[in-house]
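Hi everyone, thanks for making time. Please have a look at the model on the screen, and then I'll walk you through a few parts of it.

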Amino acid sequence: MEHQWDCNGIPRESSWNSNGMVKANFDHKYERAQAALSLLERHDFGCVQETHSIKIRADGYTQWFNTRGVQVFWSHATTQHGGVAILIKDSFLSRFATADRTEIVPGRVLRVRLTATGGAT
């Protein structure tokens, strides 16, 4: 699913069910992360479902995305199901004063509230 608005400075976002972006298989570890990154070529942020992430595995992915100009906000589940991530380009995130992460339903629903200078959200 892809939503894209390109007029009047409205953000562009993407959404993707990765079916297991976070993998332990070292031969092809970052293939799906690369696919998520490619979605951000035309978008400011992306929402990834079914990451199958746990914190210890996701830490390496966080570093991988960070070195490519993307911040990741996670809500973990198990290595078999669930898990969500919100990926936000540094270039977009820099427009805001704060980014606050809230897990609504762990591993299923995550909110990142961006606050502009002066308090607008």
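Let me start with a question: which residue in β7 is the bridge partner of Thr102? It is Arg111.

Before I go on, some bookkeeping. This is a predicted model, with local features needing pLDDT of at least 70 and side-chain atom pairs counting only at pLDDT 80 or more, while totals for chains, interfaces and linings use all residues. Residues are numbered from 1 along each chain as its sequence is written, and side-chain values use heavy atoms, leaving out hydrogens and water.

Back to that pair of strands. β6 (residues 98-105) and β7 (residues 109-115) run antiparallel, joined by seven bridges; strands count as paired if DSSP finds at least two bridges between them. Strands here are DSSP E runs of at least two residues, and helices are H or I runs of at least four, numbered from the N terminus. The hairpin has three residues between the strands, and Gly107 takes a positive phi near 80° there.

Next, helix α2, residues 55-66. Its 12 residues should span 16 Å at 1.5 Å a residue, and the end C-alpha atoms are indeed 16 Å apart; the expected span is 1.5 Å times one less than the number of residues. Ala58, Tyr61, Thr62, Trp64 and Phe65 are buried in α2, where buried means under 20% relative accessible area, exposed over 50%, and partly exposed in between, with a 1.4 Å probe and protein chains only. Because these buried residues cover an arc of only 165° around the axis, they sit on the same side of α2; the arc is taken from the directions from the helix axis to the C-beta atoms. The face turned away from the buried side carries the exposed Ile56 and Gln63.

On to the largest nonpolar core, a set of buried Ala, Val, Leu, Ile, Met, Phe, Trp, Tyr and Cys residues joined through side-chain atoms within 4.5 Å. It has 16 residues, of which Met21, Phe65, Trp74 and Leu87 touch the most other members. Two or more residues come from each of α1, α2, β4 and β5, and α2 gives the largest share, four residues.

Finally, His52, in the loop between β3 (45-49) and α2. His52 is buried, with a relative accessible area of 11%. Its side chain makes a polar contact with the side chain of Glu50 at 3.3 Å; that term means a pair of N or O atoms within 3.5 Å, and within protein one must be able to donate a hydrogen and the other to accept it, with residues adjacent in sequence counting only if both atoms are side-chain atoms. The His52 side chain also reaches the backbone oxygen of Gln80 at 3.5 Å.
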